[in-house]
Amino acid sequence: MTRTTLSRWILLAGLAFVFLYFGIDKFVHPKIWIGWMPDRMDGLLGIGNDRWLSLIGATEIAIGVMLLIPIRIVQKVGTALAVLHLLGILTQVGWNDIAVRDIGLLLMGAALWFLI
């Protein structure tokens, strides 16, 4: 295995772990996560915050799984979705420690995009 291949798999595993963990945690501890939902989401498209949270959690799990499937196009789409999802989050959180973490994850996803 080349260093580039190993680096790509480490990035994939790391990003997948984050998305899978946060996606699953939204179902295990929804009361913690519901506070992060923007107020304007409640009722948007006739969907309450609890359903939005489930949809976001399922999306994060799907992204995490896509990153681990060893098919190039699936990983490429998963990476693109991860980056877009993180961009969406960054428009909501303001400048704080969460944003710093998410910028790091976003840059990790961008690097991964070029490695796949």
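A pocket is here an open set of grid points with protein on both sides within 12 Å along at least five of seven lines, and its lining residues have an atom within 4 Å of a point. In this predicted model, the largest pocket holds about 620 Å³ of space. Its lining is made up of 25 residues, and those nearest the centre are Lys 26, Trp 36, Ile 56, Glu 60 and Ile 89. Helices α1, α3, α4 and α5 each contribute at least two residues to this lining, with the largest share, six residues, coming from α4.

It is worth a walk through the helices around this pocket, beginning with α3. This helix runs over residues 49-68, 20 residues in total, and spans 29 Å from its first C-alpha to its last, close to the 28 Å expected at 1.5 Å a residue. Its buried residues are Asn 49, Trp 52, Leu 53, Gly 57, Glu 60, Ile 63, Gly 64, Met 66 and Leu 67. Glu 60 thus appears both in this buried set and among the residues nearest the pocket centre. The cover over the buried residues of α3 includes α1, α2 (30-34) and α4.

Helix α5 offers a neat companion. With 19 residues (97-115), α5 reaches 27 Å between its first and last C-alpha atoms, close to the 27 Å expected at 1.5 Å a residue. Buried within α5 are Ile 98, Ala 99, Asp 102, Leu 105, Leu 106, Gly 109 and Leu 112. Viewed down the helix axis, these buried residues fall within an arc of 135°, so they line one face of α5. The face turned away from that buried side carries the exposed residues Asp 97, Leu 107 and Phe 114. Among the elements covering the buried residues of α5 are α1 (3-28) and α4 (72-93). At the start of α5, a side-chain oxygen of Asn 96 comes to within 2.9 Å of the backbone nitrogen of Ile 98.

A closer look at α4 is given by Thr 79, which sits in that helix. Thr 79 counts as buried because its relative accessibility is 0%, where the cut-off is under 20%. Its side chain reaches the backbone oxygen of Gln 75 at 2.8 Å. Setting aside neighbours within four places in sequence, Thr 79 is in contact with Leu 67, Gly 109, Leu 112, Trp 113 and Ile 116. Of these partners, Leu 67 is one of the buried residues of α3, while Gly 109 and Leu 112 belong to the buried residues of α5.

Note on methods: Residues are numbered from 1 along each chain as its sequence is written. This is a predicted model: local features need pLDDT of at least 70, side-chain atom pairs count only at pLDDT 80 or more; totals for chains, interfaces and linings use all residues. Side-chain values use heavy atoms; hydrogens and water are left out. Helices (H or I, at least four residues) and strands (E, at least two) are DSSP runs, numbered from the N terminus. The expected span of a helix is 1.5 Å times one less than its number of residues. Buried means under 20% relative accessible area, exposed over 50%, partly exposed in between (1.4 Å probe, protein chains only). The arc is that of the directions from the helix axis to the C-beta atoms. Contact means heavy atoms within 4.5 Å. A polar contact is a pair of N or O atoms within 3.5 Å; within protein, one must be able to donate a hydrogen and the other to accept it, and residues adjacent in sequence count only if both atoms are side-chain atoms. On a 1 Å grid over the protein atoms alone, a cavity is a set of points where a 1.4 Å probe fits but cannot get out, and a pocket is an open set with protein on both sides within 12 Å along at least five of seven lines; lining residues have an atom within 4 Å of a point. Grid points are joined across faces, edges and corners, and a volume is the space filled by probe spheres set on the points.
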